[in-house]
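The following exercises are to be worked with the sequence and the coordinates at hand. Each task is followed by a solution in steps.

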Amino acid sequence: SFWYYLLHFFENDKVSLYYLNFKLMSILPIVAAFWFFLLRGINYYVAFLICIMWMASGINITVWPKVTQYTNLVVMLGLIIALNYRGQFMKYFVLTFIALCVSYARPELFLSFLAFSGITIIVFFLEKPKLEINQKIFVVFLFVFSGILIYFLGISLFRDPRSGVAFGQHFMLNYYNWNQIDLPFWLSGDKEINAIFNHPKSLGDFYKGNTELFNKHIFSNIKNYFNQLNTGLSDVFFPKLIFHLPSYLRWLALLSSIVVFIVVSKSTKGINFLGKGLLRNGSILFVLLLFCFPSFISSILIYPREHYFILQLPLFIFFIGTFFFQSSEKKGKMGYKISIVFLIFFIGTFVSPKAKDFAYFDLWRKEKSLCNQKVIAYLKERNFKGQIEILENEGGLNSFLPKNFKWVQGYTKDESWNNYLAIKNINVIYITPSLLTDTRFVEDKEWLKFIEQPSKYGFTKIKIGNFTPYLLIKKDLLINGQ
């Protein structure tokens, strides 16, 4: 992506580049949000505290890849830029362009682009703006650039037809939860989906194939969404790894903080009346809602994954901030404010959790380890020549390996193992729980024989470290190094 292209000027190693992006996307979107909150009048100290807590929350750190955080960064910066314009037309025109750009990161946001486009057209005819020459040039530039994006990259919502696939995968997540099945839902549910929904190809096919289970999936998602809202939002304001409190006590702490702020602010005339910020920021809340509504739809239709919820966080946090923590104090005393901020930051460095303290989705591994990182390092050190076909279910380790590595995706297997092995010309296999629990392999007798005695098939077992996953590499590749 363009973002990674920029980052590669600072870091060439692909693994280090991944971690650089991880760090930046855990920090920059929240810094941009802090800037935005200040511009909209949220109390300086409250905004800083909220953003520090948000930065240390599990939903910020553990959700990866950081595509959604990148989207939030672009949206926050777009809002900051749009606020500099006085006329509504220019504001909505900029926001329309921002919505188009982020739709190539999150395809569902193309719906936001359509909504902003409609509003921009309406505002143009109502306002009939008299644009200055520099604004006219800017409008023409963005209009042409948008056309170029759509021409070369297509319409993101239709270019990536994953809605049916995503629905099927997350239906299996609910289905496995209902039936207490502990398997990789995105890999092992094809047979059940075809049996339950009669070989569906689209969302309409899912609904027609089994309306009762389709509706059960939707109602489960609604229930899970409110659970996500409860745990996720409370963790943002009072991170669990700092306060070690259940969610209901974190909500109680938030309500207590609001009461204290109102009492103190009224006594110091720092606030006029509760909810005044809504009068000032109602249009901004509407804009944030337009950016969020596709993720609400996805949460209910597909599943309330944290990726979708992160898109909604700026709306929820801004609503709470602008309703309860809107400040009327005039600008000034910046030196005092900065000193307080540095004091909070200094204390925060001692109490905030480290990235390694969080629990990450580990794809059913038996122990915590950096096995993927070590396997990548091993394969790079071997410096294999020629085409390397690596079978794995970890999500594409070839992204971090030299260009001669090609990912053989385990979920594409639809034939017997011996045929699959020959057709794909597989010469490296990364054995992990996500591969060993994939029903495409588990139910294949040829695979089971192969995995018991890989040496008979010309493969050598390589243990990289003190962890369960291991490599199977063709003997001739090890001997010849090519």
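A polar contact is a pair of N or O atoms within 3.5 Å; within protein, one of the two must be able to donate a hydrogen and the other to accept it. The model examined here is predicted.

**Exercise 1. Helix 2 from end to end**

Determine which residue caps the N-terminal end of helix 2, and compare the expected span of helix 2 with the distance between its end C-alpha atoms.

Solution.
1. The cap is Asp13: one of its side-chain oxygens lies 3.3 Å from the backbone nitrogen of Val15. With the cut-off at 3.5 Å, this distance of 3.3 Å qualifies.
2. Helix 2 comprises 26 residues, 14–39. The expected span is 1.5 Å times one less than the number of residues, so helix 2 should span 38 Å.
3. The end C-alpha atoms of helix 2 are 37 Å apart, which agrees with that expectation.
4. Helix 2 nevertheless bends by about 25° at Met25, and Pro29 follows within four residues.
5. After helix 2 comes Gly41, with a positive phi near 85°.

**Exercise 2. An aromatic pair in helix 17**

Classify the aromatic pair formed by Phe319 and Phe323, and relate it to their positions in helix 17.

Solution.
1. The whole structure contains 44 aromatic pairs. In the pair of Phe319 and Phe323, the ring centres are 5.9 Å apart and the planes make an angle of 20°.
2. Planes under 30 degrees apart count as stacked, and the pair of Phe319 and Phe323 is therefore stacked.
3. Phe319 and Phe323 are 4 residues apart in helix 17 (residues 306–324), so about one helical turn separates them. In general, an α-helix has 3.6 residues a turn, so residues three or four places apart point the same way.
4. Partly exposed residues lie between 20% and 50% relative accessible area. Phe319, at 39%, is therefore partly exposed, and so is Phe323, at 22%.

**Exercise 3. Charges over rings**

Identify the ring over which the charged end of Lys66 sits, and do likewise for Lys413.

Solution.
1. For Lys66, the ring is that of Phe22, whose centre is 4.4 Å from the charged end.
2. For Lys413, the ring is that of Phe441, with a distance of 5.4 Å to the centre.

**Exercise 4. Thr68 in its surroundings**

Is Thr68 buried or exposed, and which residues does it touch beyond four places in sequence?

Solution.
1. Thr68 belongs to helix 5 (residues 67–82).
2. Its relative accessibility is 0%, and Thr68 therefore counts as buried.
3. Leaving out residues up to four places away in sequence, Thr68 touches Arg106, His307, Ile310 and Leu311.

**Exercise 5. Positive phi outside glycine**

Locate Asn198 and Asn425, and state the phi of Asn198 and of Asn425.

Solution.
1. Asn198 lies in the loop between helix 11 (190–197) and helix 12 (203–209). Its phi is positive, about 60°, although Asn198 is not a glycine.
2. Asn425 is located in the loop between helix 20 (417–424) and strand 3 (428–431). Its phi, near 55°, is likewise positive.
3. With a relative accessible area of 60%, Asn198 is exposed, whereas Asn425, at 49%, is partly exposed.

Key. Residues numbered from 1 in each chain as written. Predicted model: local features only at pLDDT ≥ 70, side-chain atom pairs only at ≥ 80, totals over all residues. Heavy atoms only, no water. Helix = DSSP H or I, 4+ residues; strand = E, 2+ residues; numbered from the N terminus. Bend = angle between axes of the 7 residues up to and from the residue. Buried < 20%, exposed > 50% of the residue type's maximum accessible area, 1.4 Å probe, protein only. Contact = heavy atoms within 4.5 Å. Phe/Tyr/Trp six-rings, centres within 6.5 Å; stacked < 30°, edge-to-face > 60°. Lys NZ or Arg CZ within 6 Å of the ring centre and 35° of its normal.
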